[in-house]
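This briefing is meant for a reader who is meeting the structure for the first time. Please look over the sequence and the model below before turning to the notes that follow.

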Amino acid sequence: MTDRPQKSELEQIQFYNRCLNIFKLAAGKTEEINLYYRIAGNVVCLNFAGTSLLPWLTPAFEHLRIKPVENPDLTIHVWDSNSTGIKMPPPPCEWADFTDRGDIWGFNSKRIKTAFHWSEYSVNVMDLKTNTAVYWVKNPNGFPYWVYSSPFRTIIQWWIEKNGGQLMHAAAVGTKNGAVLITGKGGSGKSTSAITCLNGGLKYLGDDYVIIKKDPEPKVYSLYSTAKLNLEDMHRFPNLKPLAGKRVKENQEKEVLFLYPKLKEQIVDEMPLKAILTPQIMPVEETVIEPASFWPIQRAMSFTTMSQLPGVGMHTQKYISQFISMLPCFTLKPGSNFDKITKTIASFIDNPQAFSSTKKQPVDEKEKPLISIIIPVHNGAHFINTAIENILSQNYPAIEIIIVDDGSEDNTKEIVENLDVDVRYFHQPNSGPASARNKAIRDISAEYIAFLDVDDLWPEKNLDVLMKELIENPDLDLVRGYAQLFSMDDDEKIDYIGNPKESFPNYIGAGVYRKSAFNKVGLFDPDLRFGEDADWYNRAREIKIKMKRLDEVTLFVRRHEANMTKGKNLVELNMLKVFKKKLERKRTGLTEPTKPEIKNTNANNPKISVIIPVRNGAAFITEAINSIFEQQYEPVEVIVVDDGSTDNTTEILEMTGKEIKYVYQENKGSYAARNKGLELATGKYIAFLDADDVWVENKLSIQLSVLDEKPQIGAIIGFTKKISLSQRLEDAKKMFEEQGGFLLNLGASLFRKSVFRKVGSFDEELQSGGDADWFLRAREASVHIIIHKQTVIFQRTHRRNISRNQKLVSTCLVKVHKKMLARRRKAGKSVAFNFPKLNNVDEVMKFWQSEDKKL
């Protein structure tokens, strides 16, 4: 976590190409269906593999449907695993890299855009160079209502952004004279106002998502011919009730209305914009529209859009700011009389001058970069309002506030829900402030980050001071000052404690950071509940990132009875652990963050290919995969051949986040699966690992060194340590001194790939004993095999082991024996020889290295 790598451009391109190739495989299983739409002046083709997704993902676009076009501007390839039986390849990342908004930490290509949405369990990838995209979902039957009411919003955002526009979380309605954009956070009245206007006869472009463009003039484009209404508001619009779609869940929050073709005369594709409105619900009957200043509109418009769309950032905020500056801004105060809402908005569009003497509100200060402010909180409800007031008092206009609730047991959630300011709120089980900060970092929209613990405060104009330094010094990664400790009594009297220059030097909240600093240094160490700040700054100094300390106080740190550090000694505060980590990095030469993407630069030309056959191995396969990627030797190519699993093996593989070649086949047996892996393997050496077994961490390095040094050896086998299902793996590793024994175990072996060309593949007719059969054939082919007396694998014993079926094992071994006798007779070799007992390792090794002479 602390050294989370950035994916290389090549890795991201390869992942996209894998997704595209898997789509082609899915399309080959069924018919391809192409539908065409004109969206904001561009022709978009939806290329479906089969029909199962059509009723879910096409109705919202029906008003934009056009006849087929030979060369569309964008093609989106769409498929699901449920109907095609083709599974999605796991992405080259880890579980912790996924974020709530959909961004994937480390995927920052300018060409390849990638997102994963938890709510619909969908993968979205796009190649901006080829103007193609892939959308995959496992099963559409579990779609939340907002997916089919606004499909493909992430991919469309990427495409529109490339073409000079922006997808906005906003509504738009109009008259023959133009349209207004209505923007605000959820629950502000945006959708209700738009649907009220639709119901009152106005033109309609959307109630939730629309597309805007600022050149050559501000314009809004329709994207979806749907609308969403709270269930409790449906009674207000009885004539719209027949347009409601089928509910996915009985208790779903909103009704989805499909407006086309019933209201096609009111739905328009595009309109020029006259103004921007932000709703403010008031307990009055009459609807009022009043002039508003730039910054409240900018904050409302930026926050509600940027908190929902993956890939947004400073460029998005800049576009939105420029767009807003081109239009007059107003506050819409919708009254309880719905008829008056429609009439007031229509009058405003037709004569906006009557509502204000000023055509356009000027931007009253220079545009400033967006800052994401991260507040981790655990049982700090009584500090939240003060912290938010302190942030707002900075009067810095472009901020995104993210609160991460680290398993609070007080009323933190209730306090956050009742704040008067837009915040992004995340909850997680109690994992410590490092984990909470990391969660937010992966989800931020800005290129600049500030941290504020919920019980701390910033001095006046603190953000302006720190940002000025960063902007004027683009080579700096972070700017910070000193922290002043203080206490506050019951009368709110403040007492300063100590000298700022003598306080703890590494308070996270005392600085502002470029997001890129965390790409260089890594995230906070989640294993450290205390001392994570000192550890991060240690790593920052070790790689010599550029930081500047201002000679002034930039943080006030409150001391009180509930401080996490209150009464803790050095051991409890992890100071000794932090120091030890620093020494370990220095001793091992790791003064830079370990970069797995550098360590794996040969992953496309691996020396070792690891093949895992699996059938219904979800319970164990994660530990097997981890034992591969924790090997002292890398790189490796990992090939998982799924032999017709019916459990959730695929989902577990997806969640590992490892770069894995995944192949699915109908159930043919483990030896057929191994052979399939051999066909795909590109490595010079081959290793096998069953899904319920685990390697020791030096297995590959030890065996590879032997084969590299002794080219005459075709394979090497280590010892196997059997462990029961009830025995914890950690306990087995602690008892490692209890040596395992010798077994003919493929998982304990390492082979040259060339020996399989000499010996052949595994016998797929055998359900058991295929390893013994292959090793016998290897001796007949004069392949030299050696044994090294060191345990290299833990083999789990449980009721599903094939070896537990003694009748099957005996039957298969008889087959192996008969096949061997037939081969020997055909080759003119003696059919009588003594195979040594496996517990006599030296005799077994002599047997394999002896010459198998003819009669």
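The second largest cavity is lined by Gln298, Arg299, Ser302, Phe303, Met306, Gln317, Leu370, Pro397, Ala398, Ile399, Glu400 and Ser445. The model is a predicted one, and the points below take up this cavity, then a buried helix, and then the nonpolar cores.

**The second largest cavity**
- The structure holds six cavities of 30 Å³ or more, and the second largest of them encloses about 80 Å³ of space.
- Helix H7 (294-306) and strand S20 (399-406) each supply at least two residues of the lining of this cavity, and H7 gives the most, with five residues.
- By character, the residues of this lining divide into six nonpolar, four polar and two charged.

**Helix H6**
- Because eight of the 10 residues of helix H6 (residues 190-199) are buried, this helix is largely enclosed by the rest of the structure.
- The buried residues in H6 are Lys190, Ser191, Ser193, Ala194, Ile195, Thr196, Cys197 and Leu198.
- H6 is followed by glycine 201, whose phi is positive, near 105°.

**Nonpolar cores**
- In soluble globular proteins, nonpolar side chains tend to be buried together.
- The largest nonpolar core has 82 residues, of which Ile39, Leu57, Ile76, Tyr135 and Ile403 touch the most other members.
- Leaving aside residues up to four places away in sequence, isoleucine 39 touches Val44, Phe61, Leu64, Ile156, Ile211 and Leu223.
- Apart from the largest core lies another core, of 65 residues, among them Ile652, Tyr662, Ile713 and Trp774.

Methods
Residues numbered from 1 in each chain as written. Predicted model: local features only at pLDDT ≥ 70, side-chain atom pairs only at ≥ 80, totals over all residues. Heavy atoms only, no water. Core = buried A, V, L, I, M, F, W, Y, C linked by side-chain atoms within 4.5 Å. Buried < 20%, exposed > 50% of the residue type's maximum accessible area, 1.4 Å probe, protein only. Contact = heavy atoms within 4.5 Å. Helix = DSSP H or I, 4+ residues; strand = E, 2+ residues; numbered from the N terminus. 1 Å grid on protein atoms, 1.4 Å probe; cavity = no way out; pocket = protein on both sides within 12 Å on 5 of 7 lines; lining within 4 Å. Points joined across faces, edges and corners; volume = space filled by probe spheres on them. Nonpolar A, V, L, I, M, F, W, Y, C, P; charged D, E, K, R; others polar.
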